[in-house]
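Work through the exercises below with the structure open beside you. Try each task before you read its solution.

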Amino acid sequence: MAPHSEPEHRDEVTAHPKGQDAPIVRMMVLETDEPHKETKKIPGKTTFGEILHNHFTNAGKAHDPPLGIETDRWFVIPEKGGTMPKYEDFEGCDALLITGSVYDAHGDDPWILDLLKLLRELWQSHPKMHFSGVCFGHQLLCRLLGAEVRPSPKGDWELGHSKIELTPIGKKLFRTDDDHVHLHQMHQDHVVAPPTVESAQGLLPKGTRVHVWGKSDHTEVQGVYIKGKMFTTQAHLAFDEEMVKRQIEMRVEAGSIDDQEAADQAGDTADLEHDGEVAAGAILRFFHDEDEDVD
């Protein structure tokens with residue numbers, strides 16, 4: 001895999017746990033945005049793919065037995081120097097993860113339509129591929145399966161540290177008896193209702209069970225789970241205090257967030273303890289086919 005120049009197109013990083021016989025999960029991260037310019041100056045945070053790789057590396061170390069993670073990172077926005085990968089670029093990948101983005105998952109930007117076309121091809125022709133997405137990525141995968149994505153009815157944002165109520169499936173996925181998890185949010189758009197076999201128009205076999213694993217006061221569909229195929233999250237599992245504050249700052253400066261009081265309140269919650277490592281562990285287990293008892 002060839003090295004690249006800035007802005008990033010493609011790169012590969014690998015984290016091996018102690019013991020060369022430990023299994024490795026190979027993940028392709030499709031980067032649909034870039035971190036704040038100040039965040040990019042921090043080692044290990046130059047891209048969202050790198051941030052997620054490090055986050056899943058820690059989840060792999062905590063797994064019993066440890067799991068390694070090999071991450072291909074591909075920046076896909078052409079007007080910012082990215083390129084769209086081809087089907088053959090996913091050969092050998094166990095999983096695909098789409099990052100968050102300032103773009104609208106319900107939009108018809110040419111690169112978004114190209115990405116949907118690629119995802120459809122992979123979904124149909126790569127039966128063992130596991131699909132995941134964060135925020136924009138969650139919404140885009142649900143759109144792929146025919147779900148409606150649109151701004152919240154009130155036009156308000158879900159920002160910062162948020163409580164998510166777990167469904168019974170969510171408790172199984174996160175391996176917890178707690179009724180809630182807490183994760184950082186950064187969105188106005190939402191998935192109105194989960195996709196169905198009918199809405200997927202042939203992408204889901206008859207009888208496929210589509211689960212919502214969590215909900216909040218703002219967003220009823222905090223994530224979707226389809227056994228052995230898809231596990232998404234509206235919330236950001238890898239955001240830390242600095243990233244939350246800077247991502248809010250970017251959106252305020254761009255005019256996307258016009259409620260300064262809400263932005264300030266969300267920033268004040270950025271340092272609160274959250275369950276991002278628990279979420280990463282759950283998704284990593286899904287990537288590794290450890291969800292046999294979930295359904």
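The model is predicted. Begin with an annotated span.

**Exercise 1. Describe the span of residues 93-236: how far apart are its ends, and how much of it is helix and strand?**

Step 1. Find the two end C-alpha atoms of residues 93-236. They lie 23 Å apart.
Step 2. Read off the secondary structure. The span is 22% helix and 31% strand.
Step 3. Check the record. An unreviewed UniProt entry annotates residues 93-236 as "domain: Glutamine amidotransferase".

**Exercise 2. Does the radius of gyration of the protein chain agree or disagree with that of a compact globule?**

Step 1. Count the elements. The protein chain has seven helices and twelve strands.
Step 2. Set the expectation. A compact globule of 295 residues would have a radius of gyration near 19 Å.
Step 3. Compare. The protein chain has 18 Å, which agrees.
Step 4. Add the extents. Along the principal axes, the C-alpha trace spans about 50 × 45 × 40 Å.
Step 5. Look at burial. Of the 295 residues, 54% count as buried.
Step 6. Look at contacts. Take those with a separation of 6 or more: 75% of them join residues 24 or more positions apart.
Step 7. Finish with the surface. The accessible surface comes to about 13300 Å², and 47% of it belongs to carbon and sulfur atoms.

**Exercise 3. Where is T39 found, and which residues does it touch?**

Step 1. Place the residue. T39 sits in the loop between strand 2 (24-31) and helix 1 (48-62).
Step 2. Judge its exposure. The cut-off for buried is under 20% relative accessible area. T39 has 1% relative accessibility, so T39 counts as buried.
Step 3. List the partners, not counting residues up to four places away in sequence. T39 touches K45, E242, M243 and R246.

**Exercise 4. Why does helix 3 count as largely enclosed by the rest of the structure?**

Step 1. Find helix 3 at residues 136-144.
Step 2. Check each residue. The buried ones are F136, G137, H138, Q139, L140, L141, C142, R143 and L144.
Step 3. Conclude. Nine of the nine residues are buried, so helix 3 is largely enclosed by the rest of the structure.
Step 4. Look past the end. G146 follows helix 3, and its phi is positive, near 90°.

**Exercise 5. Classify the ring pair W213 and F231: what are the centre distance and the angle of the planes?**

Step 1. Note the setting. The structure holds twelve aromatic pairs.
Step 2. Take the two values. The ring centres of W213 and F231 are 6.4 Å apart, and the planes are at 75°.
Step 3. Apply the cut-off. Planes over 60 degrees apart count as edge-to-face. The W213 and F231 planes are at 75°, so this pair is edge-to-face.
Step 4. Locate the partners. W213 lies in strand 10 (residues 211-215) and F231 in strand 12 (residues 230-233), so the pair ties together parts 18 residues apart in sequence.
Step 5. Check burial. W213 is buried, at 0% relative accessibility. F231 is buried too, at 1%.

**Exercise 6. Repeat the analysis for Y225 and F286: what kind of aromatic pair do they form?**

Step 1. Use the geometry. The pair is edge-to-face, with 6.3 Å centre to centre and 75° between the planes.
Step 2. Locate the partners. Y225 lies in strand 11 (residues 223-226) and F286 in helix 7 (residues 276-287), so the pair ties together parts 61 residues apart in sequence.
Step 3. Check burial. Both Y225 and F286 are buried.
Step 4. Widen the view. Ring pairs link F56, F174, W213, Y225, F231, F286 and F287 into a cluster.
Step 5. Visit another ring. K229 lies over the face of W123, at 5.0 Å from the ring centre.

**Exercise 7. Which residues are in contact with L97, and which with G214?**

Step 1. Place L97 in strand 4 (residues 95-98). L97 is buried, at 0% relative accessibility.
Step 2. Leave aside neighbours within four places in sequence. L97 is then in contact with M27, M28, V29, L30, L52, F56, S132, V134 and F287.
Step 3. Take one partner. M27 and L97 are 70 residues apart in sequence, with 7.2 Å from C-alpha to C-alpha.
Step 4. Turn to G214, in strand 10. G214 is buried at 0% relative accessibility.
Step 5. Leave aside neighbours within four places again. G214 is in contact with I164, E165, L166, T167, E220, V221, Q222 and G223.
Step 6. Try a distant pair along the chain. G214 and M84 are 130 residues apart, and 31 Å separates their C-alpha atoms.

Definitions and conventions:
Residues numbered from 1 in each chain as written. Predicted model: local features only at pLDDT ≥ 70, side-chain atom pairs only at ≥ 80, totals over all residues. Heavy atoms only, no water. UniProt positions renumbered as here; feature names shortened; annotations may be inferred. Helix = DSSP H or I, 4+ residues; strand = E, 2+ residues; numbered from the N terminus. Buried < 20%, exposed > 50% of the residue type's maximum accessible area, 1.4 Å probe, protein only. Contact = heavy atoms within 4.5 Å. Phe/Tyr/Trp six-rings, centres within 6.5 Å; stacked < 30°, edge-to-face > 60°. Lys NZ or Arg CZ within 6 Å of the ring centre and 35° of its normal. Rg over C-alpha atoms; globule rule 2.2 N^0.38 Å. Areas by Shrake-Rupley, 256 points an atom, 1.4 Å probe, with all protein chains shown as cover.
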